[in-house]
Amino acid sequence: MGNEQRGRVRVETSAKRVRAYFGGDLVADTTSPHLVWEIPHYPAYYLPLSAVRAELKPTGETKHSPSRGEGVLHDVVTAGGTAEGAALTYPDSPIEELRDLVRFEFSAMDEWLEEDEPIYVHPRDPYKRVDVLGSSRHVRVALDGVTLAASTQPRILFETSLPPRYYLPLSDVRFDLLRPSDTQTHCPYKGTATYWSVEVNGKVHEDLVWIYRSPLPESQKIGGMACFFSERVDLYVDGELQAKPKTPWS
């Protein structure tokens, strides 16, 4: 990607109230956060400097962006502690909207709220949608010729820019082939997933199956159901073998 393309950073103002906390203290509170698409996949929150309640202490370091210009790194200092290098400002950015804003490293904060509800991983993209639909389609999952699951009561999750995901009742999954995993992942739309590996013909396939046991409200319909990476198994829908999608999990 050339500098000209990278310079086209999308900036939008949101109507949500956004708060960030660190060390038990309020870091920022605003009703005019900005969504900035630094990368294509999801936005980051940039908050007005006037909304900051913590001390921003310059570290003396800078971080250059071809699109946003020269960034100034700050420690975030509250009564409860210091988040080192967790804030970034662009006082002389070629993108005028960014000059009076600050970007807090999402994972460095203890808690983020949109209105009065916590958010996880990164801000939700307002142009991304998740639909979960009950279905009577026959879904069969196989690997190396062995059937791992078969169901006529899947719930299909359609998420913008991702392949459909087929969530199956646990009673339709071969638990004798599953092996517990310590892996967890987090999704801002669905919540926290835990995983199983699968052992077939003496070979263990790591983290092939996941489950959201307590999903976020908008994804409640997949709670307690298992989903297989269709990138790494043979997935049959109504008897037809599906092409393996190309995704970061392929």
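Start by selecting S93 in this predicted model. Leaving aside neighbours within four places in sequence, the contacts of S93 are R68, L98 and R99. S93 sits in the loop between β8 (81-89) and β9 (101-104). Is S93 buried or exposed? Its relative accessible area is 0%, under the 20% cut-off, so S93 counts as buried. Now add S65 to the selection and draw the C-alpha to C-alpha distance: S93 and S65 are 28 residues apart in sequence and 9.5 Å apart in space.

**The whole chain**

Zoom out to the full model. The protein has 1 helix and 22 strands. Its C-alpha atoms fill a box of roughly 60 × 40 × 35 Å along the principal axes. Of the 250 residues, 47% count as buried. Among contacts between residues at least 6 apart in sequence, 49% join residues at least 24 apart.

**The annotated spans**

Colour residues 18-104 and 139-230 next. An unreviewed UniProt entry lists both spans as "domain: DUF427". In residues 18-104, strand makes up 62% and helix 0%, and the end C-alpha atoms lie 12 Å apart. In residues 139-230, strand makes up 59% and helix 0%, with the end C-alpha atoms 11 Å apart.

**The nonpolar cores**

Select V141, L148, V198, V209 and F228. These are the residues with the most contacts inside the largest nonpolar core, which has 23 residues. The elements that give two or more residues to this core are β13 (139-143), β14 (146-151), β16, β18 (191-200), β19 (203-211), β20 and β21 (234-237). Apart from this core lies another of 21 residues, among them L47, A83, A86 and M109.

Return to V209 and show its surroundings. Which residues does V209 touch, not counting those up to four places away in sequence? They are L178, T194, Y195, W196, V198, A226, C227 and F228.

**The cavity**

Keep V141 and F228 on display, as both also line the largest cavity. A search of the whole structure finds 1 cavity of 30 Å³ or more. About 60 Å³ of space lies in the largest cavity. To outline it, select V141, P164, R165, Y166, C227, F228, F229, S230, V233 and L235. The elements that give two or more residues to this lining are β16 (165-169) and β20 (225-228). By class, the lining divides into 8 nonpolar, 1 polar and 1 charged residue.

**The pocket**

Move on to the largest pocket, which holds about 670 Å³ of space. Which of its 24 lining residues lie nearest its centre? Select E159, L162, C187, K190 and W249. The elements that give two or more residues to the lining are β15, β16 and β17 (178-187). Of these, β17 gives the most, with 3 residues. The lining has 15 nonpolar, 5 polar and 4 charged residues.

Stay with E159, which lies in strand β15 (residues 155-159). E159 counts as buried because its relative accessibility is 8%, under the 20% cut-off. Beyond its neighbours within four places in sequence, E159 is in contact with K128, R129, V130, Y189 and K190. K190 therefore appears twice on this stop: as a contact of E159, and among the residues nearest the pocket centre. For a reference point elsewhere in the model, add V72: E159 and V72 are 87 residues apart in sequence and 36 Å apart in space, C-alpha to C-alpha.

**Two backbone stops**

Finish with backbone torsions. Most residues other than glycine have a negative phi. Select E115, which is not a glycine but has a positive phi of about 55 degrees. E115 is found in the loop between β10 (111-114) and β11 (117-118). With a relative accessible area of 41%, E115 is partly exposed.

Then select D144, which likewise is not a glycine and has a positive phi, here of about 50 degrees. What lies on either side of D144? Its loop runs between β13 and β14, and both of those strands give two or more residues to the largest nonpolar core. D144 itself counts as partly exposed, at 46% relative accessibility.

Conventions
Residues numbered from 1 in each chain as written. Predicted model: local features only at pLDDT ≥ 70, side-chain atom pairs only at ≥ 80, totals over all residues. Heavy atoms only, no water. 1 Å grid on protein atoms, 1.4 Å probe; cavity = no way out; pocket = protein on both sides within 12 Å on 5 of 7 lines; lining within 4 Å. Points joined across faces, edges and corners; volume = space filled by probe spheres on them. Helix = DSSP H or I, 4+ residues; strand = E, 2+ residues; numbered from the N terminus. Nonpolar A, V, L, I, M, F, W, Y, C, P; charged D, E, K, R; others polar. UniProt positions renumbered as here; feature names shortened; annotations may be inferred. Core = buried A, V, L, I, M, F, W, Y, C linked by side-chain atoms within 4.5 Å. Buried < 20%, exposed > 50% of the residue type's maximum accessible area, 1.4 Å probe, protein only. Contact = heavy atoms within 4.5 Å.
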